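Trainee: I would like to learn how to read an interface and its salt bridges. Could we work through an example together?

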There are 2 protein chains.
Amino acid sequence: MRNIKLVIQYEGTAYHGWQIQPEVITVQKVLLDGLAKIIGERVKLSASARTDSGVHARCQVVSFKTDSLILPGRLVRALNGLLPDDIVVVKASYCPDSFNARYSARSREYRYSILNRSFRSPFDLRHCYFVSYPVDVDAMKEGAGFFLGTHDFTSFESHFGKRDNPVRTVEKLNIFSRAGFIRLDIRANGFLTYMVRIVAGTLLDVGRGKILPGDIREILKARERQRAGPTLPSKGLCLMKVFY
Amino acid sequence: MRNIKLVIQYEGTAYHGWQIQPEVITVQKVLLDGLAKIIGERVKLSASARTDSGVHARCQVVSFKTDSLILPGRLVRALNGLLPDDIVVVKASYCPDSFNARYSARSREYRYSILNRSFRSPFDLRHCYFVSYPVDVDAMKEGAGFFLGTHDFTSFESHFGKRDNPVRTVEKLNIFSRAGFIRLDIRANGFLTYMVRIVAGTLLDVGRGKILPGDIREILKARERQRAGPTLPSKGLCLMKVFY
């Protein structure tokens, strides 16, 4: 039995997220079908993050155990020959038996991209959320500071995603603006359902002056979804890094 | 009568190029239909370049004469409200009566983008041509020099595009490589059918060692399409600038 780790990238536009579900196309399903054709075995795939419908990944880490003796380099070429254009395997390697892409991950980093100028971009329309109103990026940066550290993120979780433990630790939340794009880079030990998109929506409310940076402290305390800002569209979200 | 100039961008993937043709969707058709809804008039549109099927534009200049009194700023907002996501109007302005987007243009600049690494990119698949074999960019740069100046470009014209005068002047041909992408920026007073894509295909043949940089001199002299390299796919090509 070998334990194999894959690093994959995908443009999520055409997929109902990572996780296998009946009657829809998901990244996990496409990858499992491809693997089955090559190694003749339906493996159990573990992934660093269950990205939602329409969310992209520049670095999704996946692992599985197999009896196949296929060499990692050969597996990459075979998979990339079979997979559709919007999913690609960047590399494959053997890893220790104890490694599990999901349970071994200590933290994940996502990027949310907002295009902020007077006209939308035909070239980036699948990878960012477009707003034409004026946005105060410095206010957003100030607001971002309140998310750092360990908090109960109930206010920033989708109503239909409730988990037992809503406490998460945000290790990094950087915001920068360049060439019309505002990027939010957020790293945490884990994320609640829609958490990044609600955090981004709330910070955008700060940027447009609808709420003040300091209001975020109160919203966290309130533990009520309706106190936070809107859930921004999935197309602006991308899984960027996983830390083990 | 007012003469109005538009600067537009489009992702050409979904379109059969700029020029109106029966039974297919073209950028010109979509723009004309949108304009007709706003100004109540079917105008005659002139464009700086007739981009081919699947080719993109970051700066397509378009002009038309109209009796409408609509203000340029209002026209931009109205058009962007009607146009599909993959076509956008960047700006509109009045221009002198003598200005014609096509006939006033002195030169056009295109970019051809090649992704050159071991794995393709799900995020750039609509905007570049992917090759995984090793490419010698310095050899391509050396080859590029032979295109500069005024030449008969018959060897670099599609068989079904023959024009009366195959002589064109290439004012610039820069090649640079960054983050896995090789970009060819080419500026000329005009281009024959598929000329940029055949020039790029021939330079890529130089880069992969199939021909030598100096062979380009002979290929130009030969005036035979079959002597030059392949026509690279349209998705790597983008109209970047127009000079008046």
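**Reading the interface and the salt bridges**

Mentor: Gladly, and let us begin with who touches whom. The contact draws on 24 residues of chain B and 24 residues of chain A. Keep in mind that this is a predicted model.

Trainee: How much area is buried between chain B and chain A?

Mentor: About 2,100 Å², with carbon and sulfur atoms giving 58% of that area. On the chain B side, the residues that lose the most area to chain A are B:R120, B:P122 and B:F123, which together account for 38% of what that side buries.

Trainee: How many salt bridges does the rule find across the interface of chain B and chain A?

Mentor: Four. One pairing is A:R120 with B:D85, whose side chains meet at 3.8 Å, N to O. Polar contacts are a separate tally: twelve residue pairs between chain B and chain A, both residues being at pLDDT 80 or more.

Trainee: Which elements give two or more residues to the side of chain B that touches chain A?

Mentor: They are β1 (2-10), β3 (56-66) and β4 (87-94) of chain B. The largest share, four residues, comes from β4(B). By residue class, that side of chain B divides into 13 nonpolar, four polar and seven charged.

Trainee: Let us take another bridge between the chains. Where do A:R126 and B:E11 lie?

Mentor: A:R126 is in the loop between β5 and β6 (129-131) of chain A, while B:E11 is in the loop between β1 and α1 (27-39) of chain B. Their closest N and O atoms are 3.2 Å apart, and the two form a salt bridge. To judge burial, look at relative accessibility: B:E11 has 2%, so this residue counts as buried, the cut-off being under 20%.

Trainee: How many salt bridges are there over all chains?

Mentor: The count comes to 18. Within chain A, the side chains of A:K172 and A:E109 form one at 3.0 Å, N to O. This bridge links distant parts of the chain, with A:K172 in strand β8 (residues 167-178), A:E109 in strand β5 (residues 107-116), and their positions 63 residues apart.

Trainee: Are A:K172 and A:E109 buried or exposed?

Mentor: A:K172 is buried, with a relative accessible area of 18%, and A:E109 is buried too, at 3%.

Trainee: What does B:E109 pair with in chain B?

Mentor: B:E109 forms a salt bridge with B:R187, and their closest N and O atoms are 3.7 Å apart. Here strand β5 (residues 107-116) of chain B is linked to strand β9 (residues 181-188) of chain B, the two residues being 78 apart. B:E109 has 3% relative accessibility and counts as buried. In chain A, salt bridges with shared partners join A:E109, A:E171, A:K172 and A:R187 into one network.

Trainee: Now the fold itself. What does the secondary structure of chain A come to?

Mentor: Five helices and ten strands. For overall shape, compare the radius of gyration with the globule rule: chain A has 19 Å, close to the 18 Å given for 244 residues, so chain A is as compact as a globular protein of that length. Buried residues make up 55% of the 244 residues in chain A.

Trainee: One last residue, please. Where does B:S234 lie?

Mentor: In the loop between α5 (215-222) and β10 (237-243) of chain B. B:S234 counts as buried at 17% relative accessibility, and its side chain reaches the backbone oxygen of B:S53 at 3.0 Å.

Methods: Residues are numbered from 1 along each chain as its sequence is written. Chains are lettered from A and ligands numbered from 1 in the order in which they are written. This is a predicted model: local features need pLDDT of at least 70, side-chain atom pairs count only at pLDDT 80 or more; totals for chains, interfaces and linings use all residues. Side-chain values use heavy atoms; hydrogens and water are left out. Contact means heavy atoms within 4.5 Å. Buried area is the accessible area (1.4 Å probe) that two parts lose on being put together, summed over both. A polar contact is a pair of N or O atoms within 3.5 Å; within protein, one must be able to donate a hydrogen and the other to accept it, and residues adjacent in sequence count only if both atoms are side-chain atoms. Ala, Val, Leu, Ile, Met, Phe, Trp, Tyr, Cys and Pro count as nonpolar, Asp, Glu, Lys and Arg as charged, and the others, Gly among them, as polar. The radius of gyration is taken over C-alpha atoms; the globule rule is 2.2 Å times the number of residues to the power 0.38. Buried means under 20% relative accessible area, exposed over 50%, partly exposed in between (1.4 Å probe, protein chains only).
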